[in-house]
Amino acid sequence: MPSITERGISPPPLQSGDAGTGPDEPFPRRAFREFLTGIRHLGALFPLSQADFSAGSVLSWVAHGGQECPSCGGFTRHASCPGIPVPCAACAASPPFYTARSLFAYEGRVREGIRAAKYGRGALPAGALAERLLEAIRGRWTDRFPDCFRPVVVPVPIMPLKYFRRGFNLPGLVGSALARAAGWPFAPRMLQRAGGNTPQAGLPLADREENVRGAFTVPAGLHAPPGVLLLDDVYTSGATAKACALALKTAGAGHIVVLTVARAVP
Ligand SMILES: [Zn+2]
């Protein structure tokens, strides 16, 4: 099997008795080898960035300073923009959660750091991310988190195969740290993922909702708590957050606030 390394994709090792390179090499193997060579050349054109996802770096990231849709938390690019219509276009069909908020624009070093961590190339400063989120919860988002709101923190689960390969779920790590810091309950198994096997990151926005429709469920016998903080790393189309919120509502959740570390800026 090929393997993905820091430098790119390694070709599968030749088995004893396999034909090597040359005119006798079987066509499928030759085609695969040439494909990998092309990939390596592409890698030389686009070298890996020096992503810094250390705790020190995260603590220095600048939070998004533009306006937010009061419902879904959609970003505008600049603080001086006239603002998003209320509700924004994405909120025309009311989302199944009360509100959503994201701290950073998913671009630049934020994007590089999160991608590096998710694909196992960087540190996992869950504590620093939780610290930044809690700072916003107690500051700029305090109207969404009154003292009487003590949500259960529920992370968005990743596909089991991804979890097996990575050994961690970034929203789970951040959610655990956030719940501990805030003194809120943490329920990492409140949601389970049973579908949506095509990675959302590889799909056009229009197809993402269909891909995760019904992909999340609350295990039979579990009742979702009335107040939920649904935590994910990145908010792009909102399809994942909506699918999770629908599952939680079906299981009895009432008030759902979605938080993500970062959010794609249109
Ligand atoms: Zn909106």
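## A walk from K118 to the core

Start by selecting K118, which you will find in helix α3. Keep in mind as you go that this is a predicted model. Is K118 buried or exposed? It counts as buried, because 20 C-beta neighbours lie inside 10 Å and 20 is the number needed. Now add N169 to your selection: 51 residues separate K118 and N169 along the chain, yet their C-alpha atoms are 8.1 Å apart.

Zoom out for a moment to take in the whole chain. Color it by secondary structure and you should see eight helices and eight strands. Of its 266 residues, 35% count as buried. Look also at contacts between residues at least 6 apart in sequence: 73% of them join residues at least 24 apart.

Next, select α6, residues 170-182. Its end C-alpha atoms are 18 Å apart, which agrees with the 18 Å that 13 residues should span at 1.5 Å a residue. Show side chains for the buried residues of α6, among them L170, L173, V174, A177 and L178. What covers them? The cover includes helices α3 and α4 along with strands β4, β7 and β8. Just after α6 comes G183, with a positive phi near 80°.

Keep α6 on screen and bring in α4, residues 126-137. Two packed helices are described by the angle between their axes and the distance between the axes. Here the axes of α4 and α6 come within 8 Å and cross at roughly 55°. That angle makes α4 oblique to α6, and the crossing is right-handed. To see where the two helices meet, select A126, G127, L129, A130, E131, L133 and L134 in α4, then L173, V174, A177, L178, A181 and A182 in α6.

V174 leads to the next stop, the largest nonpolar core, which has 60 residues. The residues with the most contacts inside this core are V174, L230 and C244. Elements that each supply at least two of its residues include α3, α4, α6, β7 and α8. Which helix gives the largest share? Select α8, residues 239-250, and you have it: eight core residues come from α8.

Finish on L230. Leaving aside its neighbours within four places in sequence, L230 is in contact with F97, V154, V156, A241, C244, A245, I256 and V258. Show those side chains together and you will find C244 among them, another of the residues with the most contacts inside the core.

Technical notes. Residues are numbered from 1 along each chain as its sequence is written. This is a predicted model: local features need pLDDT of at least 70, side-chain atom pairs count only at pLDDT 80 or more; totals for chains, interfaces and linings use all residues. A nonpolar core is a set of buried Ala, Val, Leu, Ile, Met, Phe, Trp, Tyr and Cys residues joined through C-beta atoms within 7 Å. A residue is buried if 20 or more other C-beta atoms lie within 10 Å of its own, exposed if 12 or fewer, and partly exposed in between; C-beta atoms are placed from the backbone. Helices (H or I, at least four residues) and strands (E, at least two) are DSSP runs, numbered from the N terminus. Two residues are in contact if their C-beta atoms, placed from the backbone, lie within 7 Å. The expected span of a helix is 1.5 Å times one less than its number of residues. Axes are lines fitted to C-alpha atoms, for helices over the stretch in contact, and angles run from 0 to 180 degrees between N-to-C directions. Angles under 35 degrees count as roughly parallel, over 145 as roughly antiparallel, 65 to 115 as roughly perpendicular and the rest as oblique. A crossing is left-handed if the near helix is turned anticlockwise from the far one by less than a right angle, and right-handed if clockwise.
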